[in-house]
Amino acid sequence: VRCQHYPPLRALQASAALRRASDEHRKEPLTSSSHQHFDSPPAGHQPEQEPQGPCPSYTGQGGQESEDYESEEQLQHRILTAALEFVPEHGWTAEAIAEGAKTLGLSVAAAGMFHSDGSELILHFVSECNTKLSELLEKEQKLVQLGEAEKKPIDEFLRHAVEARLRMLIPYIEKWPQALSVLLLPRNIPSSLNLLTSMIDDIWHYAGDQSTDFNWYTRRAVLTGIYNTTELVMMQDSSPDFEDTWRFLENRVADAMAMSNTASQVQSTGEAVVQGLMGAAVTVSN
Amino acid sequence: ALLSQPAGRLRARRGLAVRPEMHFGFQTVTEEERREKINQVFESVAKKYDVMNDSMTLGIHRVWKDILMHKMNPSPGTLLLDVAGGTGDIAFRFINYVRSVRERQLQKKLKHHQNLSWQEIFESYQNDKFNSLGDSQVVVCDINREMLKVGKQKAQHLGYSEGLSWVLGNAEELPFDNDKFDVYTIAFGIRNVTRIDLALQEAYRVLKPGGRFLCLEFSHVSNPLLSRLYDLYSFQVIPVLGEVIAGDWKSYQYLVESIRQFPPQEELKAMIEDVGFFKVDYVNLNFGIVAIHSGFKL
């Protein structure tokens, strides 16, 4: 429902940046509470209150402005996405965010909305990479289901998923150590840990893991270890196209597979030994 | 008359038009009288303004202004409007900050150019040297001529020349075009504005989209013990200091009374949101003696 009423000129100018975001998503312009000094909007001006996702923890503004919340968050996302372009030059800093804001036509002061150490930028980037990975794995799963591709064995699948995810770091690889250190700040650990675990969970889900026992935990712990160590190796890798890293990854996944085989072997050996001892004890007692 | 006064005071606290009652400290005056009285106050304190600031706040006001600058974190190329900036404290800090950021930028650039010939390095020096502020500028706007005069003298004395402009203007009716500035600051000035809502609207008007509004002002102390000590200090010590150092008891009496009349943090935040700013937030300094409010024009 497009509102036919033209809000006063100042309101138009005022909500310029946000209106763009609104237009993209076919929402109504700013609600009346932001413009108390002008006439209350006419009856035709119905803000569409679709229930959106969880409200971000911004200060103050109440439920009536949940639309503007979405626009604010969307605007911040757009600024961060635009800022990624400037990361190779400026690093994960407020400067990169300021440059990003400039390309969107906003003042450089908009970078003040974010923390000066670039935490939000890095978390945004990691979240985007995880989303891209999920979409990639989803697509491949569809191809397998349609019979157009073969289902990969587990170790190859894990290798492929981890490699695809790590390749997304390549454009920013020079500044990535800085990003890792920021992600380890106590303030950021809950968010970064959350993103990491959900990514690993995604990979196992698409690998076809349906375990309901303790295996669920061991598998994720092992894959997290593989991913983290491979990431660190990649930081120091100077071989062409990171060949050394992928070889390292291959070895680690093979280790993990071998380890799980060994574990089951140990278990069956143990059972056999116990049975042997029991037999011997029975024989001796007779 | 007794009944109407509290309501009038309430509206006056919100900075909305109440004719004829407004507050001037704890007195009730008309709007025109208030403007005139405040004008006189600042005319008389202008020369001793900085000295009094140091003695009343024991020098802590410098820390407050430094914190404001760090919160702003301006990058080179920022255009700052400092309203009620009188003696230039915020403006000078801005210039220092931007200059040091710019130096670091240039150093980083040079580090990348390790393999240049001496000729190329010399040329890069030439290009960058005359741009030590990176095109940053600050416009100091004040309604009071005396304060501006003191500010200009200070600038000359301290050696600030480039990137600085001084404009006579009223915060309720700024002599600037729309969408001009990256950051708008008003440090210890909004308390003296007669119509706060108009000043906030003007701030919104002159800021670019994405621009930031920052307000540093005395605010409300909620801790009861501290509040009693603060009141004691304010009403017993400060006017005395005013008389002794500046020879002007009444102006400093006005100062402490106007602090009590100013809206507390949440109310000011609501006023800022009403005008259309987003992500409005405030930070208390020294338990609420001073607060920094920040908002973005999105």
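## Domains, a helix pair and a salt bridge

The C-alpha centres of domain 1 of chain A and domain 2 of chain A lie 29 Å apart in this predicted model, the bounds, from an automatic or database domain assignment, being 72–116 for domain 1 and 119–274 for domain 2. Their contact (heavy atoms within 4.5 Å) takes 15 residues from domain 1 of chain A and 12 residues from domain 2 of chain A. Buried area here is the accessible area (1.4 Å probe) that two parts lose on being put together, summed over both, and between these domains about 1300 Å² is buried, with 69% given by carbon and sulfur atoms. On the side of domain 1, A:Leu84, A:Trp92 and A:His115 lose the most area to domain 2, together 55% of what that side buries.

A salt bridge requires a side-chain nitrogen of Lys or Arg within 4 Å of a carboxyl oxygen of Asp or Glu; the count is zero between the two domains and 25 over all chains. One such bridge links the side chains of B:Lys108 and A:Glu95 at 3.9 Å, N to O. Because B:Lys108 lies in helix H5 (residues 89–112) of chain B and A:Glu95 in helix H5 (residues 94–103) of chain A, this pair joins two chains.

Helices are DSSP runs (H or I, at least four residues), numbered from the N terminus. The axes of H7(A) and H9(A) come within 10 Å and cross at roughly 145°, in a right-handed sense.

| Helix | Residues in the contact |
|---|---|
| H7(A), residues 154–167 | A:Ile154, A:Phe157, A:Leu158, A:Ala161, A:Arg165 |
| H9(A), residues 189–207 | A:Met199, A:Ile203, A:Trp204, A:Tyr206, A:Ala207 |

Residues are numbered from 1 along each chain as its sequence is written, and chains are lettered from A in the order in which they are written. Local features need pLDDT of at least 70 and side-chain atom pairs pLDDT 80 or more, whereas totals for chains, interfaces and linings use all residues, and side-chain values use heavy atoms, without hydrogens and water.

Definitions and conventions: Axes are lines fitted to C-alpha atoms, for helices over the stretch in contact, and angles run from 0 to 180 degrees between N-to-C directions. A crossing is left-handed if the near helix is turned anticlockwise from the far one by less than a right angle, and right-handed if clockwise.
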